[in-house]
Amino acid sequence: MSRFDFRRLNARHPYLLALLLLALALAVNYLLQPNLFQSRVLNSNMRTFLPLMILAAGQTIVIITGGIDLSVGAIVSLAAAVLVTNLSPDAAAGQIALIVLAAAGVGMAAGALNGFCVAFLRLQPIVTTYATSFIFSGLALWILPRPGGSMPQQLARTYRSAAPLGLPLGIYIAILLIIGWTFLRSTRFGTYLVAVGGRPDAAYASGVPVTWVRFASYVLAGLLAAFSALALTLLTSSGDPRMGDAMTLDSIVAVVLGGTRLSGGQGGVAGSIIGVAILGLIRNIISFANVPTWWQTLVDALIIITALAAPGLVRLLRSRRQA
Amino acid sequence: MSISLTARHIVKRFSGVVALAEGDLTVDGGEVVALLGANGSGKSTLAKIITGVLAPDEGRLEVDGQAVTFSSPQGAIRRGITAVYQELSLIPDMTVTENIWLNHEPMRWSVRVDRTQARRRTEELLALFQGAVSPALMPETPVAALPPDEKQIVEILKALSREPLLMILDEATASLDARQVSRLFKLMDAWKADGMALVFVSHRMEEIFRVADRAVVLRNGRTVGERAMSDVTERDLVTLMVGDEPSAAAVAQPDAAQPVDPSARPRLQIDRLRSGRVHDVSLAVHDGELVGLGGLRGQGQDDLLLAVFGALPFTGKMALAGEEVKFNHPRQAVKRDVAYVPGERGSQGLLLIRSILENFQLPSWVRYGTPLKMGQARQDAAQMGASLRLVMASLDAPVSSLSGGNAQKVVLGKWLLREPRLLLLNDPTKGVDVGAKAEIYQLLEDLRRAGTAILFYSSEDEELLNLCDRVLVMQDGRITAELSGVSLQKENLVAASMGAVEQAGDQGGSSS
């Protein structure tokens, strides 16, 4: 009976498992690093996790519609390059707003290219976005040939230290992302996203503009990648033309950890954000436990494989029990 | 408000193949028009053109006397035209409510979906089928958790929720049980009285006579006739539909049931089998015997057949020709000359994008050595195709290019190539046209005569009555009645299916 209840709960809240994992990771991390819950440490952790959280939110939307975006990391690099080459340490507020808007535009344009190829030309998302990631990486290198550049110092300082009501700014932004998603999901467009990922032909027959929904999901992912670049560059105060590359795989792992189904049609942003926190904590644990960092890659790979195999394993166990 | 729709000389080609050569149809508010025709005659194509899923290559579509072109289903919906699709348009992960209101959700502040209202209106819609569906069908139930008949009902309610002026029901009754069908017909009568125009596509004659005012008959992509139901007979319609081809009304009548040697070991004997929805079923099928499984849809017939085929785990005893077996995988069943022909051919019977040849030979490649003797394989497949009178462009054409009836012949043929001793059939004539049905009946009769043991589930009572030696009626996973000889009458079958009478034959009646 209790097992049954858990299954039902899990169906209603697909990120329940992720929450359990999060609690476990927090506990282990706390044992290794007793000052984990001090405001300063919490803030630094949230700031480190935030760029990936924003990126994973975009990845979630694409994956829910049945696609995948392997170029989000490259879009982060590209948008970061735009930011750090155009913003001086003492840039005025107006200029900052303008450049941030420009970076957002670049992210959306990159997403639009992905969306055009996948939705309108009906190319395979994996191959297409892998290919476009080279275009975006190339552009990033062209804009910013070597690591460098700068960010407005005042803004960066505020961003790093701000902690309204004693909670890190990052937590507010993460909550904002979740509220944004909840709102989106409650609109007609939100239903479209799930419908297109669940069964595109059925969605089409129901009058859902399948092509546009797919297109929009990539544009949104591109926009969020640009915001991710902003969060990342505010943290580092400089840019690297490859700074986002490693984030692509992480964003997918976080989405999977958060209970969003890789084949689409089910999931949500809240799970992915928890997924990022779990990934970050695992990273902390590995560094505090003095384990070589290459274990991280293995852990990432194991998470993806386990997540992919989980539905099959559950079915296998269930049929065994029946027999 | 009422609608009048006219389709004139509609032509549709798919990569050179003419699917619809001259489709004509007129339907007005307050009438039910039956659209009839063998599979591949263009009914579905015509229906899809009217609902904007497909664009016609030629011809004219008029709504209320005004020419229209629909570039998408959305365009047709705006004119009040909706369809209940045969291939369901539901999204498995979404709830019943979300599916019904997809794309026309009640809104709050014109941005957010008003879930309370959507739920309430879903309950109102579900109430229309109250008593004919299980209580588990709730607004929040995910569609993936529903059995096929309830999915179909949700599909009907989804079309209804648009408050259409014209509704097309494409084989909407194919997966419903008798109670649900009669409820649907009562509703259709009410909608008709309210001025809705209804186009009803079905292969079941009795339903067409029950519900339609007029019949429009298509043959080979052309509208060949239009008759008022009041002055036409079943035979007239069948003649119009099939032309000179073998008439379906002439269902192959079996010879007087061959005496089964009671001392011989049954080909299949199962004892107290439990699996999925099946509880304690015992039965025996002998060589040369055609045993029917009847009853309402979803009473465990599927799971029984799948368990015998090794696709579902089971408890209980099962013996093939006296030898006890326990299959964990269909592969083991296939090795023991058991074959399973599903009605869901698209998902369970065929590799749609692969060639007819590959589909035919899929279970049999092992016989053609390494490297494969392709010449021999082709020859055998071609022979099978010819003996099934398969209408195809070539063996290399993809199965998806075949009509429903021909595709089902491929599913049958791929198992016949292995010469099975026990043939399990799960509603094999679902969505198959009358001509092909008659051929399939003849084929089953030939196989039975050649000594194959056949266990046959059908959702059509007529098939069971006309083809089977014995019919076992299932209800709630149990065999509740066994009909044979004089008791094999339609009234008995219907009564037993509905659980109205305890029929002759003891509980879980086994014949051995």
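**Exercise 1. Is W191(B) buried, partly exposed or exposed, judged by C-beta neighbours inside 10 Å?**

Solution. This is a predicted model, in which local features need pLDDT of at least 70 and side-chain atom pairs count only at pLDDT 80 or more, whereas totals for chains, interfaces and linings use all residues. Residues are numbered from 1 along each chain as its sequence is written, and chains are lettered from A and ligands numbered from 1 in the order in which they are written.

Begin with the cut-offs: a residue is buried if 20 or more other C-beta atoms, placed from the backbone, lie within 10 Å of its own, exposed if 12 or fewer do, and partly exposed in between. W191(B) has 17 such neighbours and therefore counts as partly exposed. Next, place the residue: W191(B) belongs to helix 6 (residues 178-193) of chain B, where helices (H or I, at least four residues) and strands (E, at least two) are DSSP runs numbered from the N terminus. Finally, list its partners, taking two residues to be in contact if their C-beta atoms, placed from the backbone, lie within 7 Å. Apart from neighbours within four places in sequence, W191(B) contacts M196(B) and L198(B). The C-alpha atoms of W191(B) and E31(B) are 9.3 Å apart, although 160 residues separate the two along the chain.

**Exercise 2. Describe the overall form of chain B.**

Solution. First count the elements: chain B has 17 helices and 22 strands. Then compare the radius of gyration, taken over C-alpha atoms, with the globule rule, which is 2.2 Å times the number of residues to the power 0.38. The radius of gyration of chain B is 24 Å, close to the 24 Å that the rule gives for 512 residues, so the chain is as compact as a globular protein of that length. The C-alpha trace of chain B spans about 70 × 50 × 50 Å along its principal axes, and 49% of the 512 residues are buried.

**Exercise 3. Work out the order and edges of the open sheet of six strands in chain B.**

Solution. Two strands pair if DSSP finds at least two bridges between them. The order is 18-19-20-15-21-22, with mixed pairing. Strand 18 (338-341) and strand 22 (478-484) of chain B stand at the edges with a single partner strand each, so one side of each has no neighbour in the sheet. Strand 21 (residues 470-475) and strand 22 of chain B are antiparallel and share six bridges, and V473(B) faces A481(B) in strand 22 of chain B.

**Exercise 4. Which strands form the open sheet of four in chain B, and which helix lies across strand 13, strand 14 and strand 16?**

Solution. The strands are ordered 14-13-16-17 and pair in the antiparallel sense. Strand 14 (278-285) and strand 17 (323-324) of chain B are at the edges, each with a single partner strand, so one side of each is left without a neighbour in the sheet. Strand 13 (residues 268-275) and strand 16 (residues 315-320) of chain B are joined by five bridges, and D271(B) stands opposite K317(B) in strand 16. The helix is helix 9 (residues 301-308) of chain B, which runs at about 120° to strand 13; axes are lines fitted to C-alpha atoms, for helices over the stretch in contact, and angles run from 0 to 180 degrees between N-to-C directions.
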